[in-house]
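I opened the notebook for a pass through this structure. My plan is to start with the overall picture and then go residue by residue.

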Amino acid sequence: MTQLREKILALKYPSLLLFAAAIWGLGTVFIKGIVAEIPPFWLVGGRFFSAGLVFCALFAPQLAKLAREGRLVRHAKVALVLAIPMIAGYMANSLGLVDTTAAKSSFLTGLYCVLVPFIAWTLTKKRPTAFNITAALLCVAGVGLVSLVGQTSLSMGWGDAVTLLSALLLAIQLAATSKLAPGMNMLAVTALQFVFGGAMALGVAAFVEQPPALQALANPSMAASLAYLVLGATCAALLLQNIGLAKVPAASGSLLLSFESVFGVLFSVLLLGEALTPPMLCGFALIFLAVVVSEWLPSSRLTGRKRRPMRRLREGGALPHSVVGTHAGPAARPQMHARYELPPRID
């Protein structure tokens, strides 16, 4: 039972990241018309500030408890650090859409899965493995097949360059979240992160863009799309992302989140009747293979290494010096570190 419970817990946090990717993928169906009606910086700022107010109201008791314990300032500092690359990345991505196609934007943004292992290396001093690098390249190839079908030109314009900048900023945010989230109350951090980020974007929007027309916001379909954007694609998905990244390594987490492109195409096929092509299916297979390379192969290889000395002992041979150690006792026994830790208490 203990081993079964550990396996279930090991799948819990990666599943949260996949669920977040599915929410974002479904969002591509519901929010297609929003960017044509609302200026991008106002959209980003309103989206995150509204989500932050919702979370502050929902998690007010936890914020109050952190304040009484003298830990709110520390959480606010972490939230501010995470809010800066997050909101800058979303603003850059929205700005890039002015001068690039949605397909190219999806592909270029997906390049963050290549960048995350190296940015995490600078933050944690943990060198990316060959599995990480191979999986990231497979993921990029898969996202390219999913996103760039039918594209006749891959030339680089200023919109593409800004979108690449957004991928870098989002990679920094993912790696920083994975580094700073452990030990923090991620409900409180996420609420404050949204408020800080939304306020920054609204401040920029007030200087560089005209405010959106009120009649556009009154449209029922627009209101429904905005509600999904705020409550689903922001509140729910980014909260799941932050909780998941507190327990999943940044490199693995970025690959799981890249399934957003897969879910986006699947929901477009199911709900909008778009065609599913052979290159798209190949892209799905490559993204799935990337997750297998990143998640399953390293653990299976480590398990094999652990079993080989035990097999030698059963066959009557001696254990190697590296396993036995120089003296008897608990320190001499090989230890198997869990890939994911048990969840912290959130109170």
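**Overall surface and fold**

I began with the surface: the protein exposes about 17,800 Å², and carbon and sulfur atoms supply 69% of that area. I note here that the model is predicted. For burial, I found that 45% of the 347 residues are buried. Next I looked up the secondary structure, which comes to 16 helices and 0 strands. I also checked contacts between residues at least 6 apart in sequence: 90% of them join residues at least 24 apart.

**Helix H5**

I took H5 next, which runs over residues 72-96 and has 25 residues. From first C-alpha to last, H5 reaches 35 Å, close to the 36 Å expected at 1.5 Å a residue. Where is the kink in H5? I found it at Ala-83, with a bend of about 30°, shortly before the proline Pro-85.

**Salt bridge**

How many salt bridges does a search of the whole structure find? I got 1. The side chains of Arg-71 and Glu-69 meet in it, at 2.8 Å from N to O. I looked up the cover of both partners. Arg-71 has a relative accessible area of 31%, so I log Arg-71 as partly exposed. Glu-69 is also partly exposed, because its relative accessibility is 41%.

**Nonpolar patch**

I then turned to a nonpolar surface patch of about 350 Å². Phe-118, Trp-121, Ile-133 and Leu-137 make it. Which helices each supply at least two of the patch residues? I wrote down H7 (112-124) and H8 (130-147). I looked at one member more closely: Phe-118 sits in H7. Its relative accessibility is 36%, and therefore Phe-118 counts as partly exposed.

**Thr-129**

From the patch I moved to the loop between H7 and H8, where Thr-129 lies. Is Thr-129 buried or partly exposed? I enter it as partly exposed, because its relative accessible area is 35%. I also logged a pair far apart in number: Thr-129 and Ala-251 are 122 residues apart along the chain, with their C-alpha atoms separated by 9.8 Å.

**Helix H13**

Ala-251 led me to H13, where this residue is buried. H13 covers residues 250-257 and is mostly covered, with 8 of its 8 residues buried. Among them are Ser-252, Gly-253, Ser-254 and Leu-257.

**Ile-38**

I looked for Ile-38 and found it in the loop between H2 (34-37) and H3 (40-58). Its relative accessible area is 7%, under the 20% limit, so Ile-38 is buried. What does Ile-38 touch, leaving aside its neighbours within four places in sequence? I listed Leu-43, Pro-212, Leu-217, Met-222 and Leu-226 as contacts. I also checked Ala-213: its C-alpha is 7.8 Å from that of Ile-38, though the two residues are 175 apart along the chain.

**Thr-234**

My last entry is Thr-234, in H12 (residues 220-245). Its relative accessibility is 0%, so Thr-234 counts as buried. I set aside its neighbours within four places in sequence and read off the contacts of Thr-234: Arg-47, Phe-48, Ala-51, Phe-194, Leu-229 and Leu-239.

Terms used
Residues are numbered from 1 along each chain as its sequence is written. This is a predicted model: local features need pLDDT of at least 70, side-chain atom pairs count only at pLDDT 80 or more; totals for chains, interfaces and linings use all residues. Side-chain values use heavy atoms; hydrogens and water are left out. Helices (H or I, at least four residues) and strands (E, at least two) are DSSP runs, numbered from the N terminus. The expected span of a helix is 1.5 Å times one less than its number of residues. The bend at a residue is the angle between axes fitted to the seven residues ending there and the seven starting there. Patches are made of residues with over 30% relative accessible area and no salt bridge: like charges are joined within 9 Å, nonpolar side chains (Val, Leu, Ile, Met, Phe, Trp, Tyr) within 5 Å. Accessible areas come from the Shrake-Rupley method with a 1.4 Å probe; for residues, only the protein chains shown count as cover. A salt bridge is a side-chain nitrogen of Lys or Arg within 4 Å of a carboxyl oxygen of Asp or Glu. Buried means under 20% relative accessible area, exposed over 50%, partly exposed in between (1.4 Å probe, protein chains only). Contact means heavy atoms within 4.5 Å.
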